[in-house]
Every structure is written in structure tokens, then in C-alpha cells.
2 protein chains.
Amino acid sequence: MVTLAEVARHAGVSASTVSYVLSGKRPISAVTRRRVTASIEQLGYQPHAGARALASSRSRIIALMVPLRTDMYVPVMLEIAVAVATTARAHGYDVLLLTGEEGPSALRRVTGSGLAEAVILMDVQLDDGRLPVLRTAGPPAVLVGLPADPAGLNCVDLDFRAAGALCVDHLAGLGHREIAVIGESPGVYARHTGFAERTLGGLRSRAAEREVRMLHRPCEGSHDAVAGVLARILDERPRVSAFVVQNETAVEPLLALLRRTGRAVPEDVSVVAVCADQIAAQASVPLTSVAIPAQELGRRAVERLIARLTGRPDGEGAAGVELLTPVLTVRDSSGPPPPPRTPGA
Amino acid sequence: MVTLAEVARHAGVSASTVSYVLSGKRPISAVTRRRVTASIEQLGYQPHAGARALASSRSRIIALMVPLRTDMYVPVMLEIAVAVATTARAHGYDVLLLTGEEGPSALRRVTGSGLAEAVILMDVQLDDGRLPVLRTAGPPAVLVGLPADPAGLNCVDLDFRAAGALCVDHLAGLGHREIAVIGESPGVYARHTGFAERTLGGLRSRAAEREVRMLHRPCEGSHDAVAGVLARILDERPRVSAFVVQNETAVEPLLALLRRTGRAVPEDVSVVAVCADQIAAQASVPLTSVAIPAQELGRRAVERLIARLTGRPDGEGAAGVELLTPVLTVRDSSGPPPPPRTPGA
DNA sequence: CTGAAAGCGCTAACAG
DNA sequence: CTGTTAGCGCTTTCAG
């Protein structure tokens, strides 16, 4: 292994000079710099990560904790993770992958050992067990998701309330007066995962404001489950003219069932989804949808962390909750409700 | 930060003793050990990762390179990644997340800087650009996937050839004489991703052996694309009585289309998939399938790496290709072909 | 603008 | 069974 000392000797300078050439922390004459960089190049020198971390107490590593559970929509998770890794690299950081399995202790471990300088937590629950560790003199952290009490925490998430409201606005604007919401599986609500409940809140309050009648049903993703929920909805509220779906796995079953029961989309019934753009665009009927900005979430999380790591001890722009504004893309699945059937037609 | 030296002082022993208590690399008397562990506990000591890596030249970190591309079935990727992380932790290793974006240079970087001791590569292409780095005095590595020339490389993968053969055996055993294969999107074949072609090879040769007529069509995952491919197949080979699908996103569209065109599964037509078990089990018709053992792949990859890292310099059991035996699970989508229609019925 | 030198916290001979 | 002592390779004062 080639060391900094060897580079220094090769270039005929001192070790510190090589170090400063690398870090740029003090002025170096053009000729020295050239000599040094040439030697580095020639010898194929690579600074030792451990030595660096030891001497500077900065590992240049961010820990990313992904949920072990896999009942949520996975592609979004991976997309966030990849965005985190990519953005981190762009700032000279590497990413350590932690699974939820180890829980709060994993945070203590990687952080206490100086392995990671900071952490990003995905899939945060409303009363997440990892939060106490973070509030109490914890390491710099950013949560992707919004817990019940975000006080003193750094969070990035989609504004799911606004997303819900956006769906209602779109449908109400088209003239729908009665809608049904097909939600995540019951387990997601039971775990209080926040985002599902926030979306619901947004849907409900905007529906009330715009005098739209609304029904909500959690739903497993299986074909049979969707069939059951759909049947119940149509039974209880025969005049429902639009569905809002927040459950990626329920999308195709729903569309298939609507087709099978002779309901054309969007002529007879409209469908609006809250899901990854890719899913919406590739559905058997391209769906009007509110996207989940996975890449943006990952990117923002890292950027806030970097700001905190490199900025003023408690500088601005790095604290509090940041909610990304949802965007609704109109595709082929939404339109005005069908004219009321003339009785006896 | 509390250091080993402080622990030593607190326990009234030397630093090396503390170190040896931690590593177990030499016998320690019960009483000393108790004193030391008590001090460690009390002071909340955590060894500094960087210092350790520097002194021992072992970082206890494995780099995992996941593809940036996302046109492959993502949940399998995440499942492998999580299995890698979990297994690595069980062996005292952490996992560094690399994206394909940086390419071969990322391998050089993390490995040359001593950041990672070894690497695991996912989604290996037949002529992967990262392979030269690995053959040439590269770091210990395990590939998940099988390149064209695995000589000198360490690979773990599902035996896709056998998987293909297994599908044919199952269908031939039920009496099917003519089958169609709906494959991955054309891009996957164009990239020479290996697994798709190996499956095809297994399907073809076993079909030839068992005198089953077979047709193969690559296929995008969209509903429309599947519709087009299906129409063509039924047109060209009206007597096809079974489908083998190796394309997770095509599964639901296919089932929906079969339903819509009045073909009952499995009475009129059988469907066998090569995909994640979860997908197969949750499909609108639970699918007979050959599973992709994501967890097992991740686990084996790590275990082979650990064996190589801790074992004899070039010990056994750590070299060459390991292909996992595929398992076919019979569910509700496969059965005997329908009786030949009596002409004029 | 550059050098010398003192650690960073831990491991692993080497000595008992 | 335990202690002493060199480093591991780099960063960063302190001096010039």
C-alpha cells in the first residue's frame, strides 16, 4: 500500500504539504502542487480511510437505515436509497446500509464508534422507537417521514395532507360529488405510519370543504381483497363516481375488476392514485396520480445532512420539517362523472 | 469520547489487556475480564472504528454494489441487499452501499482506501465492465449473477438453466405439448444479462428433449405490450396450452388478458412463472412458480466472502461458481391441458 | 508558502 | 496470564 509519506518523499516535499494539497486547507504554490499531484498519480496513491477518520474524527460516512419489513411499496424504498447514495457521493460521502432489524442500538453503534457521522432514517413511524436516541444528544440525523412529534428533529417528507387535498380538488373540479378511498392495508394504519393517516386527513378535510361525500376503506393488495372491498363500497355507496387509491398493489386488481364489471375508466368512473409515477404511467389505464418523489426525498435528506455537517454548528436551513409540495399529473383515468342515470332508462 | 486507555485506567489494567478482552485473542483471567467488561459497561465505551481499521488493516466493512438501473424487478434487489446487510452483521461486518453509477472506479476507491475489505456485486452482466478490476489482483469479491467467463471469479446465482428445465418438466408432465414463453423486456436480452438467456437455454433444451414445441417472445411490462405479444402468440400458435412467464410486471396484465378473452386458468391454459415467491403467491390467480431465492443469494454471497476473509489464504469452499437449485412450487395456475376440441363442436 | 512533530485510538509483537 | 511499546497513515498545530 502506498502511503502519504511515500508520496512526499517521491515529490521531495514534506508529508504535511501533501496533506494540504489534498485538503486544500492552505495555499500551495503552483509548482509544488503540480509535483505532488504528479507523484500521487504516478504512485497511484489512495488515502487510507481509517487513518483519515482517526486523525480528523470525520469518517465521511452517512448511515442509512432502511426498514427490514417489506410490506410497503419497495421500489420507492430502493429509489430513495439509491438517491441517497448518489447524492452523498456527490458530496464526498459514502453510505452505510443498516437494516431496521438492529433497531436503535444500531444507531448508537455506528455513531458511537465514529463509523458514521450522521444518519438518515427511512420509513419513520409516528412514535418511532429510534427517535429517543436522536433527541438525546444524538448524532446529526434526518428522517424521511414525519413522526407524531417532530420537535427537535429534522424531517423530509411529501406533504401527504396536501396530496390528499389535491386529489379531492381534482375530482371535485371535474364535478364528482361522491368518492371512495381505497387505502393501504390495515396493518399500515395499525402501525401508525403517519403518511397514510396524513393523506386521509387531507382527503377528509378537503372533501368536507368542497362538500364531497367520501368513504375510506383500508385494503390488502391481493386481488380477492380488492374485490371484496370494491363490492362493499359499491354496495354501500352506489353513487360513487371516483376512486382515490393509495396502495400500489391494489391498482391493477382495481382496474381489472372495474373492467370486468363493465365500468369504463374514466367514462363511468374516475381513478386517481397516490403512488410512484412509474406505476401510474405503466398501469393498464395510465393513471392520473400524485407522485411520490422518491429521488427528491433522498436527495433532500442528504443535502440537509451535509448542510448541518459542514455548516455553522446550528446554522439555519437545517432544522425542522420540510414537506415537499405534491404534484398531480393528469393522465387517462380521470374525467367528469357520468350524467345521472334517468330513472328507468 | 471514551477511549480504550480510559477503560484501562478505570479497570486498573493495561491497554493491551482491554484490547485482548475485546478481541479474545489471548487468555484472560476471569476476574480481570470481569473488571474490564464492567468498566466498559460503566463508561459506555465503544471502540473507534477508524483507529481499529488503521491498526489492524481490517475495516470490517463489505461494499455492496447495486445497479443504478431500475428496469429489473426491484423488490428482489432490495431483498438481496437486506439479506446481505443482515448476514454481514451476523458476522460482525457492516455494509457500504455503492451504486452502479461510479462503475469500476468505485471498486478501486473503496477497496484501495481500505474502506472496504471486500465487495459483492449485484446484477452482473455477461461481459461486465467491473470484472477486469476483480481479476487483476482485485479485492476479495463475490458476484451475484453469472458472467460469460466466470474463470477466477466467485459467483452465486440461481441455476436459471435448471429453472427453465423445471418449468418444462412440470408442464410436459401435465401433458402440455406446446408452450409459449413470455420473457423479460427486449432491453434485458440486449444487455446480455445472462440470467434471462440461461433460463431460455434451459427451457429450449428441455423442450427439445421432451418434444414440446416452444415459442419465445421478449415483452415489455406494460399492459399494451403484453396484449400485443399475447395476440401474436395466439395467432401464430393457436394450440399453445401453457405460458411460462419470466417478467414480473407482465404477470398481472397476462392474467387479466386471459380472463378477458375467456380463457380460464388453469382449465383452458396453464401459467408458470419464474419470479419472486411473493409475486406468485399474491397474483390474482396464485401462480405455480420457480422462486428467485433472493435472501438465500444474499446470504450465500456474504458467507462465501467471510469464509474467504477469515479462512486459509486460498482455502477451499470459497472459489468458483455456486448455483442454487431451483424449486418449483405448485399453486393454482397449472393443470393438464384442455382436451383437444372436437372439430365442429 | 513549507516543514517538523505531536498525536488520533487501537493492535500486536515483544517481554516477562 | 499481563504489561510495555512500537507503530498503523493521516491531520494539524506550531515554527519558520
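A nonpolar core is a set of buried Ala, Val, Leu, Ile, Met, Phe, Trp, Tyr and Cys residues joined through side-chain atoms within 4.5 Å, where buried means under 20% relative accessible area (1.4 Å probe, protein chains only). This is a predicted model, in which local features need pLDDT of at least 70, side-chain atom pairs count only at pLDDT 80 or more, and totals for chains, interfaces and linings use all residues. Residues are numbered from 1 along each chain as its sequence is written, chains are lettered from A in the order in which they are written, and side-chain values use heavy atoms, without hydrogens and water.

Q: Which residues have the most contacts inside the largest nonpolar core?
A: Contact means heavy atoms within 4.5 Å. The largest nonpolar core has 112 residues. Those with the most contacts inside it are Ile120(A) and Ile120(B).

Q: How many residues are in the other core, apart from the largest?
A: Among its members are Ile61(A), Ala106(A), Leu131(B) and Leu143(B). The size of this core is 40 residues.

Q: Which residue has a side-chain N or O atom 2.7 Å from a phosphate oxygen of DNA strand C?
A: A polar contact with the strand is a pair of N or O atoms within 3.5 Å. Ser14(A) uses a backbone N or O atom, 3.0 Å from a phosphate oxygen. The side-chain atom at 2.7 Å belongs to Thr17(A).

Q: Which element gives the largest share of the surface near DNA strand C?
A: Near means a heavy atom within 4 Å, and 26 residues surround the strand. Four of the residues on this surface come from one element, helix 4 of chain B.

Note on methods:
Polar contact = N/O pair within 3.5 Å; in protein donor to acceptor, adjacent residues only side chain to side chain. Helix = DSSP H or I, 4+ residues; strand = E, 2+ residues; numbered from the N terminus. Buried < 20%, exposed > 50% of the residue type's maximum accessible area, 1.4 Å probe, protein only.
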